[in-house]
Protein chains: 2
Amino acid sequence: MNRRKEIVSRLIPHTTGAVLDSATAFAPVNIALAKYWGKRDIELHLPVTDSLSVALSVGTTTTLYQNTHQDVIELNGSPVAESSPFFQRLTQFLDLVRPSPSFRFRIVTHNDVPTAAGLASSASGFAALTLSLNRFFQWNLSAESLSCLARLGSGSACRSIFPGFVLWQKGDRDDGMDSHGIALPFSWPELKLGILMASSTEKPISSSLAMKRTVETSPLYSIWPSVLEKDLRELLETLETKDFSRFGSSLERNALTMHATMHTASPPICYWLEETVHYLHTVWHAREQGLQIFATMDAGPNVKILFLASDELHVRSLFPQMMEIPLRS
Amino acid sequence: MNRRKEIVSRLIPHTTGAVLDSATAFAPVNIALAKYWGKRDIELHLPVTDSLSVALSVGTTTTLYQNTHQDVIELNGSPVAESSPFFQRLTQFLDLVRPSPSFRFRIVTHNDVPTAAGLASSASGFAALTLSLNRFFQWNLSAESLSCLARLGSGSACRSIFPGFVLWQKGDRDDGMDSHGIALPFSWPELKLGILMASSTEKPISSSLAMKRTVETSPLYSIWPSVLEKDLRELLETLETKDFSRFGSSLERNALTMHATMHTASPPICYWLEETVHYLHTVWHAREQGLQIFATMDAGPNVKILFLASDELHVRSLFPQMMEIPLRS
């Protein structure tokens, strides 16, 4: 904790203690196209590799107030129990930035992600919290510093500071000051994303634990950094050229490679459920028939599909249950 | 073909043309514990790595006769069409060993593998054919030479020449004369194998094509040889010590690694179906509950499970649909 706190004190050196009555900020959910998979520093959430994401139009909106006596958190209109892991994780992050040890917050946070979409909200959540803290305390931090700060809450939160396509450069420094998101100057209005839900009855292990076990035990993990580097290069090239077929192949292979490293961990980690495999086969079969549609997956059983606006009707006929979520690109 | 024929002429140098009226031989199906995955020589079926298998009690029985005018093949009581890939593949193999170009065979072959088990019969088929040819022509070949000859029909057939645990040493020679099976002096009567069928409606690509595409396009394939070497070493050690937990972990990881290389091929190759994933999760869940049960898979959707005789009732209660096939170990 001291190391994290020391880094935060360098990021926000001008804290005066003056606060607004309240401050509100929004941050988007982001979907990784080249995945963040493996930490070189677990405490500071410093990644082994760069990663690339695109922001969605949905995310988290958070409003901050000062409170007396104790921290209070409301999530989507309901109070969050102090004993919950969510409460613990947020207040531990707040410990890093309180102007004095006794300073307490009231946090009102709202995820406009459809609950059924099963999208992780920790990235948008910590990004929105960071952005609202910046306003609340009038830090006027740079986007890079905000990204570094959000990363200390949740690694991929550093990408949710920005809209559009975002590169999280891994950085080389031990203190992580160069490990933050960078907004990329690409726009691709024709790009569409849909979510295919796989209902899980079993609770899978957390992505953080899955990442750790994979790094420690998968015989395939050693090759991940070089795979990612190649996939990322292709993705950046195709964001330039808008070659959707190569773009899609690269992001799909990247996701499958991440899952391959999990499948070969000891014990194996397999987020794929029966529906997952069904969706993947449907995507691949449609592609064999000529439809340009590609899949990506995170540390969970749902499948995200990417396609072009011109194919939307075709894709909807294949996947009537698809939940389309507009990109914020 | 000339290169294959030249090698065969060195393997069977003493052909006199004298034949028996008929000759019959049996060869077992074998299940790879450390997989054959990737060829260093496609024409001679020379592998990139060693592999390890165990023989089943079921297999192929083949009887040979000389015939006039044309080759005739009967499979499980029915004539095989000349135009079928099966007929073509067998007669091309026979072309390598005919004492004269006009010599024709009648081949009566029977697979006692339950059809529903979906076990590949090309390995036991080419091994039984090779063994029956050896008797028919009274070549009196060594087991190693028979194994090399069978390999020219189908790579893994070289392991089906032997019962029990068999190591296929990859060999180093360009002509493959040192690439053959070796019977290992291990016995493990407590070891049991069951097959869990996944019904496939789609026709997957052949294992041979899957292997080729994986070697050529998977970013993970480069690490396969070193993974296999480690898994094989552990399997050989545990065949000695009978540490079933380590034995099972190694063979399962080996199979999952092979499938991981396929999943990351371009385009992806995924033999997993919905039932496959269901079976795998059931195996892993049972193992978390303390049951020593491990899965292996070949280039298809079925799951083979390995367990000890003492757990058979427990395993049967989990998988009432399991087809147990005795090992020939």
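Me: How many salt bridges does the rule find across the interface of chain A and chain B?

Reply: Zero. The model is predicted. A salt bridge needs a side-chain nitrogen of Lys or Arg within 4 Å of a carboxyl oxygen of Asp or Glu. Across this interface the rule finds zero such pairs.

Me: What makes up the count of polar contacts between chain A and chain B?

Reply: Four residue pairs, with both residues at pLDDT 80 or more. A polar contact takes N or O atoms within 3.5 Å.

Me: Which helices of chain A supply at least two residues each of the side that touches chain B?

Reply: Helix 7 (244-263) and helix 8 (274-288). That side of chain A divides into twelve nonpolar, seven polar and five charged residues.

Me: How many residues does each chain bring to the contact?

Reply: Chain A gives 24 and chain B gives 24. They count because they have heavy atoms within 4.5 Å of the other chain. Together the chains bury about 2,300 Å², with 71% of it on carbon and sulfur atoms.

Me: Which residues lie nearest the centre of the second largest pocket?

Reply: Ala120(B), Ser122(B), Ser207(B), Ser208(B) and Ala299(B). The pocket has 46 lining residues. A lining residue has an atom within 4 Å of a pocket point. The space inside is about 1,400 Å³.

Me: What supplies the largest share of that lining?

Reply: Strand 1 of chain B, with four residues. Helix 3 (122-136) and helix 5 (207-217) of chain B are among the other elements supplying at least two residues. The lining divides into 21 nonpolar, 16 polar and nine charged residues.

Methods. Residues are numbered from 1 along each chain as its sequence is written. Chains are lettered from A and ligands numbered from 1 in the order in which they are written. This is a predicted model: local features need pLDDT of at least 70, side-chain atom pairs count only at pLDDT 80 or more; totals for chains, interfaces and linings use all residues. Side-chain values use heavy atoms; hydrogens and water are left out. On a 1 Å grid over the protein atoms alone, a cavity is a set of points where a 1.4 Å probe fits but cannot get out, and a pocket is an open set with protein on both sides within 12 Å along at least five of seven lines; lining residues have an atom within 4 Å of a point. Grid points are joined across faces, edges and corners, and a volume is the space filled by probe spheres set on the points. Ala, Val, Leu, Ile, Met, Phe, Trp, Tyr, Cys and Pro count as nonpolar, Asp, Glu, Lys and Arg as charged, and the others, Gly among them, as polar. Buried area is the accessible area (1.4 Å probe) that two parts lose on being put together, summed over both. A polar contact is a pair of N or O atoms within 3.5 Å; within protein, one must be able to donate a hydrogen and the other to accept it, and residues adjacent in sequence count only if both atoms are side-chain atoms.
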